[in-house]
Amino acid sequence: MNVYYFLGKGGVGKTTVSAAWSVGLAKKGLKTLVASIDPAHNLGDAFATPISDRIMHINAHLDAVEVNIEEMIRAYLNELSTKMKNTYRYLSAMNIDRYFDILKNSPGIEEYATMEAIKRLIALRDYDAVVFDTPPTGMTIRVLAMPPVSLVWTEQLIKMRKRILSTRGMVERVQGKFEAEVDGEKVVLSSSEKEDPIMQELLSYREELRALRDMLSSDYSYVNIVTMAEDLALFETKRIIKLLDGFKIKVRNIFLNKFFEIKNPPDEIKGKIEEQEKVIEKMKTEIKGIEIKDIPLLRKSPRGIDELFNIYSKYLA
């Protein structure tokens, strides 16, 4: 499965480009899913048809979904809270429940929920390609950074847990195993890593993070930037490339969108066209090894399968 991500700040045309890209893949006969993980969904507007948080069929080989991030956050927190309460239920006397109930206010929860949405859609394995229309740059960068950053924290937690189990083992040799009673059920705390549910959860989570990290940096992952020919946009594009490179995630294409293509421009926009030409020249000089494709400013925004395919065949393919 190939996975495509389209990054860029709000308003540059990520939704149109990602929708057109998905139509192009489907026209090639690849079974394709295009998914909006941007809380401000516009995918339905691009296809000129209502799209919900349930995967729906658009046409031959193409499905679409607009992920309900708020619902994903609730589901993620409920699942996480239930898992943690079961794992740590022997600490119920310490009123640990109240700590789990404030998780929804924890920094990064939205990013973790978004990554969970990405993971679940990829795990469907029903498609040849998945195309993601992403949130604005800042949040998307944090989402893509989650696996490698979380992996660092998880490794440290595993080391801490090993020390706890080692200490517990020393106590066991003197006093025997520690037992607690929760809701009338006897709970035995083991010093064995294989029998410790917390260690097993950490080890499982580490493998999950490694798989996500490796997937994002693999040859099957295509990260693309949608931008415009402006100085600030060029600065942001270079910043995205540098940040992702730090996580070993490579950018494959840059789509230069909404580019003025006028033979005899009026005086009012000549300055803008000159700025565009300078930015494009700088971009091609300063950014190496990444294909840059121009998409001119169109008379109207493309809507529907036919118009989106026209964009793909003319400018993206």
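Trainee: What makes up the area that the protein exposes, and how much of it do carbon and sulfur atoms supply?

Mentor: The protein exposes about 17,200 Å², and carbon and sulfur atoms supply 52% of it. Accessible areas here come from the Shrake-Rupley method with a 1.4 Å probe, and for residues only the protein chains shown count as cover. Bear in mind that this is a predicted model: local features need pLDDT of at least 70, side-chain atom pairs count only at pLDDT 80 or more, and totals for chains, interfaces and linings use all residues. Residues are numbered from 1 along each chain as its sequence is written, and side-chain values use heavy atoms, with hydrogens and water left out.

Trainee: Why is Ile 240 called buried?

Mentor: Buried means under 20% relative accessible area, exposed over 50%, and partly exposed in between (1.4 Å probe, protein chains only). Ile 240 has a relative accessible area of 0%, so it counts as buried. Of the 317 residues of the protein, 46% count as buried.

Trainee: Which residues does Ile 240 touch?

Mentor: Leaving out residues up to four places away in sequence, Ile 240 touches Leu 7, Thr 137, Ile 141 and Ile 225. Contact means heavy atoms within 4.5 Å. Leu 7 is 233 residues from Ile 240 in sequence, yet their C-alpha atoms are 8.9 Å apart in space.

Trainee: Ile 240 lies in helix α8. How do you know that the span of α8 agrees with what a helix should have?

Mentor: Helices (H or I, at least four residues) and strands (E, at least two) are DSSP runs, numbered from the N terminus. The expected span is 1.5 Å times one less than the number of residues. For the 16 residues of α8 (residues 231-246) that gives 22 Å, and the end C-alpha atoms are 23 Å apart, which agrees.

Trainee: Which residues of α8 are buried, and what covers them?

Mentor: Ala 233, Leu 234, Glu 236, Thr 237, Ile 240, Ile 241 and Leu 244 are buried. Seen down the axis of α8, the buried residues fall within an arc of 165°, so they line one face of the helix. That arc is taken from the directions from the helix axis to the C-beta atoms. Their cover includes β1 (2-7), α6 (137-175), β8 (221-227), β9 (251-259) and α9 (267-286).

Trainee: What does the face turned away from the buried side carry?

Mentor: That face of α8 carries the exposed residues Leu 232, Phe 235, Lys 242 and Gly 246. Just after α8, Lys 248 takes a positive phi of about 60°.
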